[in-house]
Amino acid sequence: MKSTYLKAPFQFEQRDVPVPEVGADEVLIKVKACGFCGHEMIQAKYAATEWTPFGHEFSGIVEKIGENVQNVQVGDTVVIETSTFRPYSDAARNGRVDLDGPASEIIDYIGGRETMGFAEYTTAPAALCVKFTTMSFQEGALIEPMGVAMDLFKTADIHLGDDVLVFGLGPIGLMALQMAKKAGARKIYAADLSSAGKRAELAKKFGADEIIFTDKVDIKSYPFARGGVDKVLLTAPPALIETATHTLNLGGVLAFLGIAYGPAAIASFDSNLVHHKKIQIRASDAVPALYFPLCIDLVESGMIDLKSLISQKFMLEDAVEGLTHFVQNPAEACKAVMVTDPDLL
Ligand SMILES: [Zn+2]
């Protein structure tokens, strides 16, 4: 069967490998659709020094189950969490499953795993499988990043009447923007570079009132209706935390998510400004993965639009060309999704 690998800088390769064996607590999944993640973009750009299997945003059909598996059956349509919590940990028993280290992870960037979602079949711990019914497999491939967006949205604690700045218009920012709109944000400002292209158009479509191109105007002195905003959802490089603190009103909340490597991970800000404006800087990290059933319900009930985020679809056998085209054309790109069935194109 086919499985795809990446290596920096921007190299992709497909190999024929055996269908993986299923462990006692695992399932074998026939992959139907798999998204290409922003973090995998960083891997492809410079972080992956070895050939690495990838693809953790996928949906498919359970093909085989290990002898201990009880939560899913052959034929179930499922999406896969990246990790889950330990149900019997002290943190979980104290009601905070989010504060436990992840158990049963699927992401393994340092080797040991032969295949992931960019393949015909892959294995996954059964504990990570979440069943769905009516949404499409392509939408299913976006539930994992939607769970990340949900964690960011919940971290910001947006209320009816809040003015919100969505800073960074990648797929996760655009999903969180839709959630902020549905939650009753009064005004939504969407900020990115003017090269955001299609993604800025999507922000408008999803309900952003004003688009701010940060390479054209100084966002620190932008004429926000209330002088500043109440909540910031930041999915841009960490250095922009400092910029974002200038956009907040008194008592504002800055919810941040993003992984950077090396010096790019270091952020500084004016502590006097944060102090006097009583700003809270809150980190969102969707580990363990949470909220998949909620996200599935929001998509299946039509509250959140994932389809519009898919800017590019290609077959697994065309993944090398498809991904190369995707990384070379950022202005038209939002989310790339690989499918294994021509009916899903
Ligand atoms: Zn991802």
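**Strands 3, 5 and 6 and their antiparallel pairing.** Two strands are said to pair if DSSP finds at least two bridges between them, and helices (H or I, at least four residues) and strands (E, at least two) are DSSP runs numbered from the N terminus. The structure is a predicted model, in which local features need pLDDT of at least 70 and side-chain atom pairs count only at pLDDT 80 or more, while totals for chains, interfaces and linings use all residues. Residue numbers start from 1 along each chain as its sequence is written. Strand 3, residues 26–35, is joined by eight bridges to strand 5, residues 57–65, and the two strands run antiparallel. Within this pair, Leu28 faces Lys64 of strand 5 as its opposite residue. Strand 5 is also joined to strand 6, residues 77–80, by three bridges, again in the antiparallel sense, and here Ser59 stands opposite Val79 of strand 6.

**The whole chain and its division into two domains.** The chain holds 10 helices and 16 strands, and along its principal axes the C-alpha trace spans about 60 × 45 × 40 Å. Domain bounds, which come from an automatic or database domain assignment, place residues 2–142 together with 306–344 in domain 1 and residues 147–283 in domain 2. The centres of the two domains, taken over C-alpha atoms, are separated by 28 Å. Domain 1 and domain 2 each give 11 residues to the contact between them, where residues are in contact if their C-beta atoms, placed from the backbone, lie within 7 Å. On the side of domain 1 that touches domain 2, helix 1 (residues 38–47) gives the most, with three residues.

**The antiparallel sheet of strands 2, 1 and 4, with helix 10 packed on it.** This open sheet of three strands has the order 2-1-4, and its pairing is antiparallel. Its edges are strand 2 (11–16) and strand 4 (52–53), each of which pairs on one side only. Strand 1, residues 2–7, is joined to strand 4 by two bridges, with the two strands running antiparallel, and Leu6 has Thr52 of strand 4 standing opposite. Helix 10, residues 319–328, packs on the sheet by touching strand 1 and strand 2, and the direction of helix 10 makes about 165° with that of strand 2. For such values, axes are lines fitted to C-alpha atoms, for helices over the stretch in contact, and angles run from 0 to 180 degrees between N-to-C directions.

**The parallel sheet of six strands.** An open sheet is formed here by six strands in the order 11-10-9-12-13-14, with parallel pairing. Strand 11 (210–213) and strand 14 (280–283) are the edge strands, each pairing on one side only. When direction is ignored, neighbouring strands of this sheet are turned by 20° against each other on average. Strand 9, residues 163–167, pairs with strand 12, residues 229–234, over four bridges in the parallel sense, and Val166 has Leu233 as its bridge partner in strand 12.

**Helices 5 and 6 on the six-stranded sheet.** Helix 5, residues 171–182, lies across strand 9, strand 10 (187–192) and strand 12, and runs at about 170° to strand 9. Helix 6, residues 198–205, also packs on the sheet, where it touches strand 10 and strand 11, and its direction makes about 175° with that of strand 10.

**The crossing of helix 4 and helix 9.** The axes of helix 4, residues 143–156, and helix 9, residues 292–300, come within 9 Å and cross at roughly 105°. On the helix 4 side the contact is made by Ile143, Met146, Gly147 and Met150, and on the helix 9 side by Phe292, Leu294, Cys295 and Ile296.

**Cis peptide bonds and a positive phi in loops.** Ala8 and Pro9 are joined by a cis peptide bond with omega of about -5°, and Pro9 lies in the loop that connects strand 1 and strand 2. A cis peptide bond also joins Val287 and Pro288, with omega of about -5°, and the place of Pro288 is in the loop between strand 14 and helix 9. Asp157, although it is not a glycine, has a positive phi of about 55°, and this residue, Asp157, is found in the loop between helix 4 and strand 9.

Terms used: Contact = placed C-beta atoms within 7 Å.
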